[in-house]
Amino acid sequence: MRRQLGLLCKQLVVDGPSTSGRGELAAAWGGALGRSQQRWLSTSVAEAAVAAASATHRAPPTGLRRLKLAYQNYKQLSKMRLSLLVVATSAAGYAAGSSERIDWAGLCWTSLGTMLASSSANALNQVYEKVNDSLMKRTMNRPLPTGRMSRAHALAFAAIAGVGGVWLLAEKTNLTTAALGAANIVLYAGVYTPLKQISIVNTWVGAVVGAVPPLMGWAAATGGLDVGAAILGAGLYFWQMPHFMALAWMCKADYAAGGYRMLSLVDATGRRTAACALRNCLYLLPLGALATWLGVTTPYFAYESAFITGGMVLTAAKFYGSPTVPNARLLFRASLLHLPIFMAAFLLHRQPNTGEDRAALLAHNARLLGLGGPLTEEEREQQQLGWAAGGGGADAASAGATAHVSFSLPPMPFLGPLPLGLRLSCPSKAACEEGEAEQEGADSESDQAQAGKQQEGQPAHGTAAATGAKP
């Protein structure tokens, strides 16, 4: 080829650029390029074949790489981020149910047992939904759809994690916590997972599953449950609805491809989905005040909870006004911010759990507000004595059935005293003890004054009238 190109160049120099010379030169260049391209293609094909053969017969990864791949598979199988969120809510329940000193060893055992139970439930979920996961963009790269792990392997992992987690909770905490953990595995894997392909009610069932971990933490710290544990449980339940409604609207097509039944798939306009999200955001608003009323947190949490939840309510209202994907994404992000801030504020302002009967306190306050049965005569007398000791005087005595109790809130300089005829009672054990101490002090002073008058020979006021003697 080089010889031909040299002869053609020499001819062009000698004879000039004739038409035939140019044609021969073009033909020679074309032939040369064709042979060169053919040789390059054959070399590339050979290299690709060698690479494919080496990949086919490549030895399985060993050592550190194998451990890394196994870690990635188990991380996806257990839904690590979701499981960590479950552990965080369980730990919050443990801290909220603890006394002044938190048992850190107990907290760690509870977190580990909860992590294992959550990992088991998530693995069973993926075993059941292997085919559905392969149809969705969000889940098609999980270990089971891609074939990196077999169903038998995943089932073995789920069994070991589930049995180990429940045993650990029973051994290191108590049977109540272990029973809640086992029940949640069954509820998530046995009820919620198959229900996703049957009815839109699955979202509400899933919210119940998410509300159980804080109860597990509370039970691990106290040995049982009371109405104080319901604050975090209700917070988790109501929080999940706007969170997942926004996610369902954002991933509407993906859920349809996976064969799942979601509210967003039967809601063409998005108003029902957005209304459900907004409604549950509003349900979150009174939880801060309720936590203060039950003595679970200090009054500051009532303000902070209302402020935090108010921001998410605004995003939910915007989503309801215009059910679009950007507005759903805004609500979704707001929910991601709300939960950790809500839990952090709850723990920051928690009141040590002293074992008081919060259910009785709640019932008593409800009856004072007229929400329960009427007060007994004995309770009414004690109530009126409390008003007299607190300075209520004749007004308190003439109030009759109207409830007047004290409810202390943090000072707000920009607000004066509110003209309310109703005051709430006993927001915390500390407030109750303070009121009892003041009453005991007033009674002691009154007794001392009466004793002094009797020593001086002056009868106490009303004594003569009571005995019928003349002065």
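1. The protein chain holds 21 helices and zero strands; these are DSSP runs (H or I of at least four residues for helices, E of at least two for strands), numbered from the N terminus. Please keep in mind that this is a predicted model, where local features need pLDDT of at least 70, side-chain atom pairs count only at pLDDT 80 or more, and totals for chains, interfaces and linings use all residues. Residues are numbered from 1 along each chain as its sequence is written, and side-chain values use heavy atoms, with hydrogens and water left out.

2. A quick look at the whole chain: of its 471 residues, 38% are buried (under 20% relative accessible area, with a 1.4 Å probe and protein chains only). Taking contacts (heavy atoms within 4.5 Å) between residues at least 6 apart in sequence, 69% join residues at least 24 apart.

3. Now to a helix pair you may like to display. Helix α5 (residues 104-128) and helix α8 (residues 151-172) have axes that come within 8 Å and cross at roughly 155°; axes are lines fitted to C-alpha atoms over the stretch in contact, and angles run from 0 to 180 degrees between N-to-C directions. That makes α5 roughly antiparallel to α8 (the term covers angles over 145 degrees). Their contact involves 15 nonpolar, eight polar and two charged residues; Ala, Val, Leu, Ile, Met, Phe, Trp, Tyr, Cys and Pro count as nonpolar, Asp, Glu, Lys and Arg as charged, and the others, Gly among them, as polar.

4. Helix α9 (residues 175-195) packs with helix α10 (residues 202-222) at an angle of about 170°, their axes 9 Å apart, and these two are therefore roughly antiparallel as well. The contact has 15 nonpolar, six polar and no charged residues. Among the α9 residues that meet α10 are Leu180, Leu187 and Val191, while the α10 side includes Val205, Val212 and Pro213.

5. Pro213 turns up again around Thr89, a residue of helix α4 (residues 80-97). Leaving aside neighbours within four places in sequence, Thr89 is in contact with Pro213, Pro214, Leu236 and Met343. Thr89 is buried, at a relative accessible area of 3%.

6. Finally, a sanity check on helix α11 (residues 229-250): its 22 residues, at 1.5 Å a residue, should span 32 Å, and the end C-alpha atoms are 33 Å apart, which agrees. The expected span is 1.5 Å times one less than the number of residues. Since 17 of the 22 residues of α11 are buried, this helix is largely enclosed by the rest of the structure.

Methods
Angles under 35 degrees count as roughly parallel, over 145 as roughly antiparallel, 65 to 115 as roughly perpendicular and the rest as oblique. Buried means under 20% relative accessible area, exposed over 50%, partly exposed in between (1.4 Å probe, protein chains only).
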